[in-house]
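This report describes a single protein chain, passing from selected helix contacts to individual residues and backbone features. Please consult the sequence and the structure alongside the text.

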Amino acid sequence: MSSKIPERISGPCTRSDWGVYTIRSGTAKSSLIVGKISPWLNLDSLNETVRKNSEKALHQELCYSVHLSLPAVLVPLKSYNCVNLAQHINTSITDTHVQQVWVHVPMKSPEDDCDKHLFADEEEVSGNEYEKDPWEWWNLFRTICGNSKRVGLALEISAELPSEEELERWCGEPIKAAILPTSLFLTNKKAKYSTDSDWCQQAQGQGPGILLPVPCSPLSASDPDTLYSATGFNTLRRDRMTNGGGILALVNNELEFKRRMDLEQQGIESIWLEVSPYKSNRSLIIGCVYRPPNQKKQLDIDIEEHIERIHLLNKETIFLTDINIDYKNRPKYDNHRLIKGLRIMHFKQLVDFITRPVSKTCLDHVYSNQPQRISSVSCHNIGLADHVPVFVVRKYARDNHKAHNSTRITYRNMKRFDEEAFKQSLQEAPWDTAFVFDDIDDIVHSWEDIFNSILDSHCPWRVKRVKQDTQAPWMTKKVLKQLHTRDHLLKVARLSDDSDDWSKYRAARNYAVSMIRSAKRDFYATSFQDNKNNPRAIWKSIKTLTGANRNTDAIKKLEVDGRVIEESSEMSEQFNCYFSSIADKLRNQLCHVNYDLSKLINFVASRKDPDVSFMVPAITSAQVSAIMMKISSHKATGIDGISARLLRIGMPAIAPCIARLINLSMSTGKFPTRWKTAKVTPLFKGGALSDPSNYRPISVLPVLSKIIERHMYNSLYAFLTEQNLIYSRQSGFRKHHSTETALIKIVDELLFNLDRNKVSGLVLVDYAKAFDMVDHELLLKKLETQPELDNVSQFAKGYEDYLQCPLQPLMDNLESQTYEIFERDPIKYRQYQKAVHQALLDRVPEDKKDSYVTLETLKEEEWNGNVTVVSSDMREWDAPEQADILVSELLGSFGDNELSPECLDGAQRFLKDDGISIPCEYTSFLAPISAPKLHNEVSQGNDTTKGPLAPFETPYVVRLHNITAIAPPQQCFLFTHPNRASRIDNSRVKSLEFEVKTSFTMHGFAGYFETVLYGDIMLRTAVRYCGLDSKLPLLEKMHTEKGLVRVVYITSRPSSPS
């Protein structure tokens, strides 16, 4: 049944494909009716209209399922991009009282079906592993839903089962239903064999020369051929007379063949065909033979004689057989009588993999008397049979010519690329959804998913067959066009064999040669002229011209420990092992040296200002853009597949989220794994090609990693330069320094010594594998002697993003540990001391300054025991006399949130009319922030005595760490002391407007304050959107779009201290 929606409802509610389905369980004949949401819903669409309509329709359909009292609703999961869908489902479970949600997930991703693309000339390539893994889809979905028990799994069984390791991940998952598509089954209504269409599609992908013989047990002589037919194939069969079964052969319609009934023998199950691929005059014999298991010796003799008759035809023969002799059991296989006979007839067995996974045996064999003409033998896990099908490709001259003279390259199709549309898509992308995770690696993966999905829509991946990987730099479009014209005229001349056509061809050929020579000459002349002041570019042109940098020798084999390796995957592993272990092997050959860093420590201490500390500042969007624009657009692309050119184009839109990503990485102290994983290419240096030590690695990291590296370098280099900590003789890796400056210094020293009749001696060292020999432990120890963590960071260490309820100034019995923590604040009390000191100097008359200094030096001796400490409630205590200076440290993390103005107003009766109040003025600030980690912690608050909304209505004291400011902070309330107004009113109301620069999910506000203690001595927490006592009143999260103005009303309603 389908739901009926009233016609008067507009928008997404006018139509629904929501339906009700019946699921039968077990043998008890019981049924469970579940609902299924409409397949057109796409809550994670980049199109805002589609997304909003989908959200509204989903809510309506879930409400309708509650109305029908359905026990569960089936929600299909189509990709890894499901964050918004999961969030709405998680909310709907509570809001709409849905009983259960079953997430429909395929066991294997449809995009992972590579069989359809094995021989395609052009295909789309996915650059993301998570996109292909349905288990990752499910894991992301249930994580966002908080692992709710009301979210179950409906697993769709795929035709091609994944590996055992992948299957194990589904074990233990809350599977509520298993979905079996009808396409899985190979039987019809009579439970007879029906051809799997995947086999036929696989065969058609191989070309017209494919034959597919299938030993088939359900075959029955009474069944018509149409029962087993397949589109595009001729059906041939040989039925078994008893107990059903036989052999079925499907032959492509484009293939010229005839069945050789004269070769088929009674008592032996076989089919033999004579085929002529590509209309070849040289035919070959292809057949299929079935040998039942555990047969008598006579049957093996009959099969051997049967194949010998075919062998005597003196034709190339290929036959496939379910021989029921395990090739993996080589002793038994080699000693078998039938195998010995086939070997005498020069038939070679070509299958060396498991063809029956259940028993882990190789029972399906392919034999050929011309094995050198077989290009490949493979198997594919198609269908539900216990044997996997085996595919054989026989190569021909045209196929061999193409294979050896062309290369497949993968590239992004930029023909229809629109920069403005691309920038607009980046502006509208939901970047904040990537930051819902706590782990930086998950955030980077999600960010790359969003960026690559936009890239794929604007410039999709393409696979193209080309003759060369890269064209010559002088090859222009005009030259290419002339070459195509030349080739076309050659074909015409060969077909017509006309003298005029041959004359046209020769003229076109000569003109093409002339154009190539002119293009080469003009290119290199221009290159040398333009780069006459650039030796590096000139040498590059010379190497290109002479072919010196052309490495025509491919890595065909490696020799490691006397073993020859020719498999490409194994050679890659050997290179990885060698490159990763070479540094340790070289260092192990050196003797251990004890490091004496005393001179370096003294050097740093003599130059570095002790009051100056190093701290890497947060990177801004402008800095991200500036660094990215200095990176060449031709920079090699890393494993993320994101090129520097596309990043430069989209930088205005993505700079804020990249800055947020880098700041999060620095604040968490974790460098993303993705950004430190490199593509390594071995570059041959010289010597034997088979020796791994004759190669050096060329590592290519993702472009985004260059931004954070440059920012760290700029910060550290600026600090070392300002503090004069760089050795004056250092020439490497410094601006305005190079090998030339080092040589000039050495030459000056030599000439100076010659003038003074001194002898100079030089020790020149050339390090082998210099970068591999760098001692990282020594580098880290040297770095420890340089910049230290600033005092504020040391004090706040361990309190980052740690939520605390604010202290009340009138609360009794605060623990002494609380005051000890306060007193360790390295900034607050230092500023207070300066303020009190300056206030005392200002209060002492000019002629009493000397006596004040004397009192200052003698206070410990003379005042010991004479200072009175009063422990009392300020509201009840009467001072014996009024004070000159009133000092209070009641400032809260938001300035006035701990009743600071009320307490100071109540205490100013102790102050003289011209007395000084410390602090004398303070201002509070407010800023909207995105803080998913803090929001999750608040959401888990379980204080049942205060109600479910109490955690969201409580202001918290927190050292803000993993946050992003959505907009700059704005001023809220201002208070001054002493307040001499006749009627004191500390209530405040403020309306603030925040303009959002980038789309974010807002989780609340951060509160800061700035106070004037005395004169120009200040204390603030709003310097870099974080401080010692920052406060975060978290609210319900809301999505903020770019350019949106958020209006916030904030009210301060104080209580009287009395």
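Is the crossing of α17 and α19 left-handed or right-handed? The crossing of these two helices is right-handed. The model examined here is a predicted one, and the sections below set this crossing in the context of the chain.

## Overall composition

The chain comprises 28 helices and 33 strands. Of its 1058 residues, 40% are buried. The chain exposes about 61800 Å², of which carbon and sulfur atoms supply 51%.

Contacts between residues distant in sequence are well represented: among contacts joining residues at least 6 apart in sequence, 71% link residues at least 24 apart.

## Helices α17 and α19

Helix α17 spans residues 621–630, and α19 covers 703–722. The two pack at an angle of about 110°, with their axes 10 Å apart. Because angles of 65 to 115 degrees count as roughly perpendicular, α17 and α19 are therefore roughly perpendicular to each other.

On the α17 side, the contact is formed by Gln623, Val624, Ile627 and Met628. These residues meet Val703, Lys706, Ile707, Arg710, His711 and Asn714 in α19. By class, the residues of this contact divide into five nonpolar, three polar and two charged.

## Helices α10 and α11

A second helix pair is formed by α10, residues 419–428, and α11, residues 440–458. Their packing angle is about 150°, and their axes are 10 Å apart. Since an angle over 145 degrees counts as roughly antiparallel, α10 is roughly antiparallel to α11. The crossing of α10 and α11 is right-handed.

In this pair, Ala421, Phe422, Ser425 and Leu426 of α10 meet Phe451, Ile454, Leu455 and His458 of α11. The contact has six nonpolar and two polar residues, and no charged residues.

## The end of α19 and the loop that follows

Glutamate 722 lies in helix α19. With a relative accessible area of 63%, glutamate 722 is exposed, because the threshold for that class is over 50%. Its C-alpha atom is separated by 10.0 Å from that of aspartate 609, although the two residues are 113 apart along the chain.

Glutamine 723 is found in the loop between α19 and α20, the latter covering 739–755. Is glutamine 723 buried or exposed? Its relative accessible area is 10%, and because values under 20% define the buried class, glutamine 723 is buried. Not counting residues up to four places away in sequence, glutamine 723 touches Arg607, Lys608, Asp609 and Val612. Asp609 thus appears in the description of both positions, as a contact of glutamine 723 and as the partner in the C-alpha separation given for glutamate 722.

## A buried glutamate between β10 and β11

Glutamate 264 lies in the loop between β10 (257–259) and β11 (269–275). This residue is buried, with a relative accessible area of 13%.

Which residues does glutamate 264 contact, leaving aside its neighbours within four places in sequence? They are Arg238, Arg259, Ser270, Ile271, Trp272 and His306. The C-alpha atoms of glutamate 264 and valine 289 are separated by 9.9 Å, the two residues being 25 apart along the chain.

## Cis peptide bonds

The peptide bond from isoleucine 918 to proline 919 is cis, with omega near 5°. Proline 919 is placed in the loop between β25 (911–918) and β26 (921–930).

The peptide bond from histidine 977 to proline 978 is also cis, with omega near -5°. Proline 978 lies in the loop between β28 (970–976) and β29 (988–995).

## Non-glycine residues with positive phi

Lysine 360 has a positive phi of about 55°, although it is not a glycine. The residue is found in the loop between β14 (348–349) and β15 (364–368). Lysine 360 is exposed, with a relative accessible area of 53%.

Asparagine 757 likewise has a positive phi of about 55° without being a glycine. Its position is in the loop between α20 and α21, where α21 covers 776–784. At 73% relative accessibility, asparagine 757 counts as exposed.

Conventions
Residues are numbered from 1 along each chain as its sequence is written. This is a predicted model: local features need pLDDT of at least 70, side-chain atom pairs count only at pLDDT 80 or more; totals for chains, interfaces and linings use all residues. Side-chain values use heavy atoms; hydrogens and water are left out. Helices (H or I, at least four residues) and strands (E, at least two) are DSSP runs, numbered from the N terminus. Buried means under 20% relative accessible area, exposed over 50%, partly exposed in between (1.4 Å probe, protein chains only). Contact means heavy atoms within 4.5 Å. Accessible areas come from the Shrake-Rupley method with a 1.4 Å probe; for residues, only the protein chains shown count as cover. Axes are lines fitted to C-alpha atoms, for helices over the stretch in contact, and angles run from 0 to 180 degrees between N-to-C directions. Angles under 35 degrees count as roughly parallel, over 145 as roughly antiparallel, 65 to 115 as roughly perpendicular and the rest as oblique. A crossing is left-handed if the near helix is turned anticlockwise from the far one by less than a right angle, and right-handed if clockwise. Ala, Val, Leu, Ile, Met, Phe, Trp, Tyr, Cys and Pro count as nonpolar, Asp, Glu, Lys and Arg as charged, and the others, Gly among them, as polar.
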